[in-house]
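Me: Please take one part of this protein and go through it closely, beginning with the whole chain and then moving inward. I would like the cut-offs stated as you go.

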Amino acid sequence: MKDKLMDAMQKFSKAMFIPVLILPIAGILIAAGNLFTNTRLQEVMPFLNNPVTSGFGTLLSGSLTAILTNLGVIFCVGLAVGLADKKKSEAGFISLLAFLVFINAMNRFMGLRGMLAEGSLSGTGQAMVLGVQILDMGVFLGLMLGVAVAWVHNRFCEIEFQNAFQIYGGTRFVFIVLIPVMVVLAVILTFVWPFVQSGINALGAFIQGAGNFGLFIYGTLERLLIPTGLHHLVYTPFLYTSLGGTAEIGGQVLEGARNIYYAEIADESIRLLSQSVIWDARGISKMFGLIGACLAMYHTARKENQAKIKAVLVTAAVTSFIAGVTEPIEFSFLFVAPVLFAVHAVLAGSSFVVLNLIGCRAIGPNGFIDFLLYNVPLGLEKTRWPLYIVTGAVYFVLYYLVFRFLIVKLNLKTLGRESAGMEMKLHTKAEYKEKAAGTGSPGGSGQKADAEAVDAALIVQALGGKDNIIKVTNCYTRLRTELENPDLADEAVLKGQTGASAVIKKGKNVQVVYGLKVTAVRKAVDQELGMTQQE
């Protein structure tokens, strides 16, 4: 049962990346659009105060805001595609149809029962979704319907009929089944959802009431779950549902820290961003803390190894600082020194509390580029972003001192301190080529590997061969696979000869961490397997 539950969570986790990774792009472009319409910035840069640039900014931010106000349908389609075992594109199309059936069925049923509120919907628990008035379920509606559509799709998408009924087979039959399912769900949720919403509101009030302790637990858990790949299941509800706060801005009620933040940065009447932004304050550990950890690992490495690991640590540190991708650093010490990872999680959680205590409302969840786009144009008054830099500098020193003390005191085998014959978790290009040249590729071909190239054949072989691979997907940094026999996965080859920084096994799910090059790895592996139709 435990393995089945973990497999289900892993599958759901992978599917969540489809909508989750798109939303920051929309957010960045909304922030960029707001730059062109910001009156304070126009006073500093008068050339921006003209109809062309202002109009462009209005169009850019206005058009993308529609994404944030329609998260239900976005998550519904994204989850259906991610959870579908096959015929993914058709699953996405069917999910959109099912979503339309659901909201209209709920609207009609609420009308029959006289439940539809009139006038302003603020405070009524109802909302307009794609122009249809229903109960306000926000992102949760998309999550529920996406899962339901995927379950029905996987169960019935290959059913075919004979003779005159052939046209009703396959995904068309899936839609036929989904129509009564959506109608029944609409009726049930009309009665059930008000009680669920009350529970969510109570939980949100409890978390908000926990104050700094709640922030600490949230920030710590968000890091602790990195090894399982489930960390975004912690932050997504806070960023896009009422758990992260509810606020009325410009006459519109918004839920979730990220949604509130986007609205607040566009509203110049707001003098200071709300506390909700603290739920998205992950940048301190990414931009500053882990850089200090890298410096500590470098200074505590053996003198003869420092030159070897310098390029690796610098690359990983720059990636974390600029893009907010932390896994190459975190996995360099996660398995050899788990105590450091626990300390890292606690320090990351404490950074949320510190920012809240000093009233800093800056944000940088995806590194320095995000930090510049989101905060600097808003000025000092709204975000107090200099305090973010000062806090980051303090955490850089804190990470460095704590990591250095623990590495030396406990004799931890971090990068450059390995025992004889022990493999590094990250490799330089020179080391990689030297190893490949000395050992040759499996099968005796003697082919030299290039650290920048993707040896898909070797990756497939290290995963147990084509027959052992059931499914291949990827997230931002990991190649996520489902294997028939996970014991056949050769961790040493994956880390030593394909450039992976870590391999994580959970039941049949095997995650191979490649960092930012994972998209190229996924594409090459799909081509090697002949599975490109999975996209």
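Reply: Accessible areas here come from the Shrake-Rupley method with a 1.4 Å probe, and for residues only the protein chains shown count as cover. On that basis the accessible surface of the protein comes to about 23,300 Å², of which 65% belongs to carbon and sulfur atoms. This is a predicted model, in which local features need pLDDT of at least 70 and side-chain atom pairs count only at pLDDT 80 or more, while totals for chains, interfaces and linings use all residues. Residues are numbered from 1 along each chain as its sequence is written, and side-chain values use heavy atoms, with hydrogens and water left out.

The secondary structure comprises 22 helices and 8 strands, taken as DSSP runs numbered from the N terminus (helices are H or I, at least four residues; strands are E, at least two). Of the 535 residues, 52% are buried, where buried means under 20% relative accessible area, exposed over 50%, and partly exposed in between (1.4 Å probe, protein chains only).

The part to look at closely is helix α5, residues 71–83. Its 13 residues should span 18 Å at 1.5 Å a residue, and its end C-alpha atoms are 18 Å apart, which agrees; the expected span is 1.5 Å times one less than the number of residues. Since 10 of these 13 residues are buried, α5 is largely enclosed by the rest of the structure. The buried residues of α5 include Leu-71, Gly-72, Val-73, Phe-75, Cys-76 and Leu-79.

One partner of this helix is Gly-142, which lies in helix α7 (residues 138–156) and counts as buried at 0% relative accessibility. Leaving aside neighbours within four places in sequence, Gly-142 is in contact (heavy atoms within 4.5 Å) with Gly-72, Phe-75, Cys-76 and Leu-79. An α-helix has 3.6 residues a turn, so residues three or four places apart point the same way. The C-alpha atoms of Gly-142 and Leu-71 are separated by 7.3 Å, although the two residues are 71 apart along the chain. For the whole protein, among contacts with a separation of 6 or more, 68% join residues 24 or more positions apart.
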